[in-house]
Amino acid sequence: MAAPLLSLRNFSVKFPMRSGSYFRRSSFYALRELSLDIHKKETLCLIGESGSGKTTLIWAILGLLPFYKGKIIFNNRIIRKSNDPIHQDLKAVSQMVFQDTLLSLNPLLTLGRSIEEPLRARGLGKKERAEIVKRVAIQTGLSSELLQRRPSSVSFGQSQRACIARALSTNPEILFLDEPLTALDAVIQGKIARLLLRIRNERSLTCLIITHDLAFVKNIGTMVAVMYLGRIVEKAPVEFFFNKPCHPYSLALLSSVLKPGVWQGEKIILKGEIPSPQHPPSGCVFHPRCHLKLPVCEKIEPGMKRLSPRHEVYCHLF
Ligand code: SF4
């Protein structure tokens, strides 16, 4: 298999913790010792409850947050700190689609002008910009009449299409999407999901998608990484994940899906809330909520067990 396009090794992010005293500053891990590989044309879906660190991970990969430890390997080149020049190269071939489409579009600009903005920033001429806007508008199903409107006079689905068109305008290699379907109703979700699938295939894009929608993961993903409290607890190809999930947290997430055809296995009710990363439980951080907990789980954090070349799990049961 070819080398991954993007890898993380022992990637950690720390946030400062309020301790009440200026002289006793401390910090906590928002992400801890993550390792991931994303190959060209792969779609890696990050899943897990809110607070598991998914958005922090994308922000740190894109240099919007500094990372504390570990490295990013992009195209076989190593990035050891956030302001490394190689990080600029990674950012130049990446684009992001945010969850809140209305906040990510300038309310004063028409959709067409918003799509054009990254092209202006790159110094492209008027004619070239107009051609690209027209092309991505056709790809994302935006009419020329819609391109003249401002975000306040279009639907959520239309503004999400504009955000996707804007992200595509610079012809990115890697597309990061943070919950692209969450703010949409069920009908529009289906349309945007089909649009993303088509564009991903047409453009041979490499995608990293944060989502809570496991039916969407099943349709669009090639790999899944399950996150819990800033750690990855299971990584697997999509077909393995839906046929033979291993980590008790993965089982609980799958069994919470209401849509038919996604999961037929045992129903597991996940108790309690995800703990604060400022005070992670000892041993396996999932142990207070785990229905399969062993005595060792409270004391020792499980290491990685490789079940097949691309299926890894962090659990004492394996
Ligand atoms: Fe549950 Fe123990 Fe596995 Fe953690 S290590 S998921 S507590 S069985």
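**Exercise 1.** Of the 318 residues of the protein chain, what percentage count as buried?

*Solution.* The model is predicted; local features need pLDDT of at least 70, side-chain atom pairs count only at pLDDT 80 or more, and totals for chains, interfaces and linings use all residues. Residues are numbered from 1 along each chain as its sequence is written, and side-chain values use heavy atoms, with hydrogens and water left out.

Step 1. Buried means under 20% relative accessible area, exposed over 50%, and partly exposed in between, with a 1.4 Å probe and protein chains only.
Step 2. By that cut-off, 52% of the 318 residues are buried.

**Exercise 2.** Compare the radius of gyration of the protein chain with the globule rule.

*Solution.*
Step 1. The chain holds 11 helices and 12 strands; helices (H or I, at least four residues) and strands (E, at least two) are DSSP runs, numbered from the N terminus.
Step 2. The radius of gyration is taken over C-alpha atoms, and the rule is 2.2 Å times the number of residues to the power 0.38.
Step 3. The rule gives 20 Å for 318 residues and the chain has 21 Å, which is close, so the chain is as compact as a globular protein of that length.
Step 4. The C-alpha trace spans about 65 × 50 × 45 Å along its principal axes.

**Exercise 3.** Classify the packing of α5 and α7.

*Solution.*
Step 1. Axes are lines fitted to C-alpha atoms, for helices over the stretch in contact, and angles run from 0 to 180 degrees between N-to-C directions.
Step 2. The axes of α5 and helix α7 (residues 156-169) are 9 Å apart, at an angle of about 135 degrees.
Step 3. Angles under 35 degrees count as roughly parallel, over 145 as roughly antiparallel, 65 to 115 as roughly perpendicular and the rest as oblique; α5 and α7 are therefore oblique to each other.
Step 4. With contact meaning heavy atoms within 4.5 Å, α5 contributes Ile132, Val136, Gln139 and Thr140, and α7 contributes Arg161, Ile164, Ala165, Leu168 and Ser169.

**Exercise 4.** Describe how α5 meets α8, and place lysine 191.

*Solution.*
Step 1. The axes of helix α5 (residues 126-140) and helix α8 (residues 186-203) come within 10 Å and cross at roughly 130 degrees.
Step 2. That angle makes α5 oblique to α8.
Step 3. Val136, Gln139 and Thr140 of α5 touch Leu195, Arg198, Ile199, Glu202 and Arg203 of α8.
Step 4. Lysine 191 is found in helix α8 and is partly exposed, at 41% relative accessible area.
Step 5. Lysine 191 lies 8.5 Å from glycine 157, C-alpha to C-alpha, with the two 34 residues apart in sequence.
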